[in-house]
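User: Hi! I'm new to this structure and would like to understand how its charged side chains pair up. Could you walk me through it?

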Amino acid sequence: MESSLPLTATSSSKSERRSKSKNSQRTSKTSLLMAFLSCLAWLYVAGRLWQDAENRMLLSNLLRKNSLQRPKVLTVDDKLMVLGCKDMERRIVEAEMELTLAKSQGYLKSQVQQSGSSSGKKMLAVIGVYSGFGSRLRRNSFRGSMTSKGDTLQKLEERGIIVRFVIGRSPNRGDSLDHNIDEENHVTKDFLILDGHEEAQEELPKKAKFFFSKAVQTWDAEFYVKVDDNIDLNFDALIELLQSRRGQDGAYIGCMKSGEVVAEEGKLWYEPEWWKFGDQKSYFRHAAGAMFILSKNLARYIDINSVSLKAYAHEDVSVGSWMMGIQATYIDDSRLCCSYSGQDKVCSLA
């Protein structure tokens, strides 16, 4: 019994030491974890403080730069410099306005094809003889009249005159109407075919835009003349008239007239937009449609602005409206006045 007591005491002391060792290990792990978390918290706080310091430095630099860029009191020289810049800006605006005006009046360099003239020289005039699909007899009569007077296309070209029958295309492209014109042109070689224009009576006002645009792009001439195909034209008298007006920019030459605007639908010469011409229902002054002449810069004006030009029910009224907006010189020449004699027109120039 006495020998068993020391063994019991020894075993209890061992168990106490083991429990203390476990407790100390747990305390050590907890301390390490707390220390690690403390380090992370310190690093976070230090990073924020460093970032705040950089932000404060950046704001300080921006404030310093802004303070250096504050407007100073302008001296007399500074004010004169500002006024000089404003004056220069005003001159630039004025120059741009003058350039726009010059473009609107047709003073614009463009590529002019000379392929239509065998000589390649500048011509006196391009004469466009308006014709239609059913007007072959009129064209033959016009050609016969030229030949009887000794005027052929070649001789007229030598005198500076280009003559072409002006016609569009059929609404049914490539049909017999187009085919007949192509065959006739293959033989006579005296057509100016407007591929983009549909030949129809109601489309006649638009024909002027296509004619003047294509003519001024194809030939370099001083004048561009529109003539109906039922006029017996006196080329000698016309050439004399044109030569007397040579070098005159902005020339709009014709038999100037006005007249009543027909507002009743179904009547001859009905104008669908009659209400635009005022309570008096009278057209503005314009050249009568049988024959009129435009100088080169006016024809160029039509070419440049053809997309935006308004066309009315009648061709001569449409062209007259285009001339009203620019600095055109209206020349009323009674020799270009025509009257009807049956199906033909009799003009003083003929």
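Analyst: Happily! The count comes to 19 salt bridges, where a salt bridge is a side-chain nitrogen of Lys or Arg within 4 Å of a carboxyl oxygen of Asp or Glu. This is a predicted model, in which local features need pLDDT of at least 70, side-chain atom pairs count only at pLDDT 80 or more, and totals for chains, interfaces and linings use all residues. Residues are numbered from 1 along each chain as its sequence is written, and side-chain values use heavy atoms, with hydrogens and water left out.

User: What makes the contact between K226 and D228 a salt bridge?

Analyst: The N to O distance between the K226 and D228 side chains is 2.7 Å. The cut-off is within 4 Å, so the pair qualifies.

User: Why is K226 called buried?

Analyst: Buried means under 20% relative accessible area, exposed over 50%, and partly exposed in between (1.4 Å probe, protein chains only). K226 has 2% relative accessibility, so K226 counts as buried. Its partner D228 counts as buried too, because its value is 12%.

User: And how do you know that K267 is partly exposed?

Analyst: K267 has 47% relative accessibility, which lies in between the two cut-offs, so K267 is partly exposed. E264 also counts as partly exposed because its value is 47%. The side chains of K267 and E264 meet in a salt bridge at 3.4 Å, N to O.

User: Which residues are joined into one network?

Analyst: R136, R139, R143, E184 and D190 are, through salt bridges that share partners.
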